[in-house]
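Dear colleague,

Please find the structure we discussed placed directly below. My notes on what was found in it follow.

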Amino acid sequence: MFLGMRPENEALLAQVKEMIREEVMPLEDAYHAEIGKGDRWAYTERQAEILEGLKAKAKERGLWNFWLTDSDKGFGLSTVEYAFFAEEMGKTPLGAEVFNCSAPDTGNMEVFERYGTEVMKAQWLTPLLKGEIRSAYLMTEPDVASSDATNVSMSCVRDGDDYVLNGEKYWASGAGDPRCKVYIVMVKTGDDTLPVHKRQSMIVVPAGTEGIEVLRPMMVYGQDDAPHGHMHIKFTNVRVPAENILLGEGRGFEIAQGRLGPGRIHHCMRAIGQAEIALEHMCRRALDREAFGKKLAHLGANYDIIAQCRMEIEQARLLCLKTAWMMDQGDARAAAPWISQIKVVAPNVALKVIDEAVQMFGGTGVSQDTPLATAWTHMRTLRLADGPDAVHRRQVARTELRKYTQEKV
């Protein structure tokens with residue numbers, strides 16, 4: 001089980017690390033200071049200059065689309081190797097987009113590449129791969145427990161050459177971005193006489209189609225995440241061509257398994273990067289600040305806290321790398337319980353480390369003067385995104401119990 005980087009890709013990773021430290025991180029504060037100047041759901045001239053300038057540099061240097069681990073359009077990275085790149089990108093809020101590795105675009109691009117028609121690829125995949133547009137994935141609904149995707153109930157009815165959509169979706173991440181041009185939507189096409197996993201489908205819907213109404217941005221601990229946003233959207237008699245259905249009716253769960261597995265582990269890889277940067281902030285603060293005549297590092301249990309954070313990050317990284325290795329073996333069923341394990345472990349470890357860093361900073365830690373408060377809200381949200389902890393623990397337990405019984409668990 002090789003959990004490292006092939007020599008030919010080490011130089012590539014070094015370039016990414018250097019660009020993040022030397023060029024991306026120094027512009028974080030300037031970028032975020034622009035939010036709220038004028039229209040919150042538009043990019044200011046300075047924001048666009050920062051973001052598009054960094055993307056152009058990355059593209060010119062060939063540091064682009066690393067997530068394409070099993071495609072001739074990518075670098076030929078394994079999932080294990082991509083883990084190291086994603087960890088670095090996770091250290092800054094701008095990192096993923098600078099290298100065109102942002103969620104939900106990566107998952108949507110996977111869908112278009114694997115399951116889309118040639119027309120879809122030309123219209124949506126090509127500009128997404130170039131970083132010219134953004135996209136959103138609409139699954140969660142306000143009136144059903146969407147952690148059980150068999151509950152998804154947005155109506156999608158065939159009417160001649162069209163499908164007609166009615167219903168509401170929320171937590172549509174990225175749908176607030178003015179560059180978001182296309183949605184991939186999980187819908188219900190089959191009635192309850194069909195097998196439970198054959199009732200849902202995925203369909204491609206251009207943003208701005210007649211009948212789509214963005215009701216509101218969802219707040220995350222009081223913040224709207226502008227200009228990215230997690231939107232609540234209503235569909236009223238939204239008509240899209242029948243050829244926009246992906247693979248055909250009843251194939252939604254099949255597509256979801258191809259999309260969500262990589263997306264979940266990408267989130268976990270970036271979470272480890274956020275834990276690393278929080279530990280760095282914690283250690284610098286502990287050595288720079290004094291109280292009661294001593295450096296903070298030497299007070300209370302701070303040695304133990306720092307040590308415990310380091311050990312837990314290392315454990316989480318190893319689990320993430322093993323999960324990535326399992327995915328590289330090509331057996332999605334065998335990899336699934338490992339994806340569930342890291343999906344629980346990584347956000348919880350990152351949350352703990354970030355919380356300890358907040359404590360080291362005192363009042364400053366919960367303020368806008370450090371990135372820690374924002375990082376904490378993102379990690380707490382990640383414990384719900386792509387399935388809450390309880391769902392993943394259930395899957396892990398069922399896999400474990402199957403070793404000891406022939407009965408269905």
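**Aromatic pairs**

Across the whole structure, a search finds five aromatic pairs. In one of them, the ring centres of tyrosine 221 and tryptophan 376 are 5.6 Å apart and the ring planes stand at 65°, so this pair is edge-to-face. The two partners belong to distant parts of the chain, 155 residues apart: tyrosine 221 sits in the loop between β6 (212-217) and β7 (230-241), while tryptophan 376 sits in helix α11 (residues 372-382). Tyrosine 221 is exposed, with a relative accessible area of 53%, whereas tryptophan 376 is partly exposed, at 26%. Please keep in mind throughout that this is a predicted model.

Aromatic residues also gather in a group, since Phe66, Phe75, Phe85 and Phe99 form one aromatic cluster. Elsewhere, a charged residue meets a ring: arginine 158 lies over the face of tyrosine 163, at 5.5 Å from the ring centre.

**The loop between β6 and β7**

The loop that holds tyrosine 221 also contains aspartate 225. Aspartate 225 is partly exposed, with a relative accessible area of 21%. Leaving out residues up to four places away in sequence, aspartate 225 touches Trp41, Val220, His230 and His378. Its C-alpha atom is separated by 9.4 Å from that of serine 173, although the two residues are 52 residues apart along the chain.

**Nonpolar cores**

The largest nonpolar core has 93 residues, and those that touch the most other members are Phe66, Tyr82, Phe85, Phe99, Phe112, Leu246 and Val353. Helix α8 (residues 252-288) supplies the largest share of this core, with 14 residues. There is also a second, separate core of 22 residues, which includes Leu165, Val185, Phe235 and Ile245.

What does leucine 246 contact, apart from its neighbours within four places in sequence? The residues in contact with leucine 246 are Val111, Tyr115, Gly116, Met120, Ile184, Met202, Val204, Arg251 and Ile255.

**Strands β4 and β5**

Strand β4 (residues 180-188) pairs with β5 in the antiparallel sense, over seven bridges. Within this pairing, tyrosine 183 of β4 stands opposite valine 205 in β5. Strand β5 (residues 200-206) has six of its seven residues buried, so the rest of the structure largely encloses this strand.

**Helix α4 and a buried glutamate**

Helix α4 (residues 79-89) is mostly covered, as 10 of its 11 residues are buried. The buried residues include Tyr82 and Phe85, together with the charged residues Glu81, Glu87 and Glu88. Is glutamate 87 buried or exposed? Glutamate 87 has a relative accessible area of 8%; the cut-off for a buried residue is under 20%, so glutamate 87 counts as buried. Not counting residues up to four places away in sequence, glutamate 87 touches Met269, Ile272, Gly273, Glu276 and Arg317.

**Salt bridges**

Side chains of opposite charge can pair when their charged atoms come close. The structure holds 34 salt bridges, and several are described here.

Two residues that glutamate 87 touches, Glu276 and Arg317, are themselves partners: the side chains of glutamate 276 and arginine 317 meet in a salt bridge, at 2.7 Å from N to O. Glutamate 276 lies in helix α8 and arginine 317 in helix α9 (residues 302-328), so the pair ties together parts that are 41 residues apart in sequence. Glutamate 276 is buried, with a relative accessible area of 13%, and arginine 317 counts as buried at 13%.

Helix α8 also takes part in a salt bridge between arginine 21 and glutamate 280, where the closest N and O atoms are 2.7 Å apart. Arginine 21 is in helix α1 (residues 7-24) and glutamate 280 in helix α8, 259 residues apart. Arginine 21 is partly exposed at 36% relative accessibility, and glutamate 280 is partly exposed at 22%.

Aspartate 389 forms a salt bridge with arginine 383, with the closest N and O atoms 2.7 Å apart. Aspartate 389 counts as buried, at 5% relative accessibility. Finally, salt bridges that share partners join Glu52, Lys55, Glu97, Asp105, Arg134, Asp177 and Arg179 into one network.

Yours faithfully

Definitions and conventions. Residues are numbered from 1 along each chain as its sequence is written. This is a predicted model: local features need pLDDT of at least 70, side-chain atom pairs count only at pLDDT 80 or more; totals for chains, interfaces and linings use all residues. Side-chain values use heavy atoms; hydrogens and water are left out. Buried means under 20% relative accessible area, exposed over 50%, partly exposed in between (1.4 Å probe, protein chains only). Helices (H or I, at least four residues) and strands (E, at least two) are DSSP runs, numbered from the N terminus. Two strands pair if DSSP finds at least two bridges between them. A nonpolar core is a set of buried Ala, Val, Leu, Ile, Met, Phe, Trp, Tyr and Cys residues joined through side-chain atoms within 4.5 Å. Contact means heavy atoms within 4.5 Å. Rings of Phe, Tyr and Trp (its six-membered ring) pair if their centres lie within 6.5 Å; planes under 30 degrees apart count as stacked, over 60 as edge-to-face and the rest as tilted. A charge sits over a ring if NZ of Lys or CZ of Arg is within 6 Å of the ring centre and within 35 degrees of the ring normal. A salt bridge is a side-chain nitrogen of Lys or Arg within 4 Å of a carboxyl oxygen of Asp or Glu.
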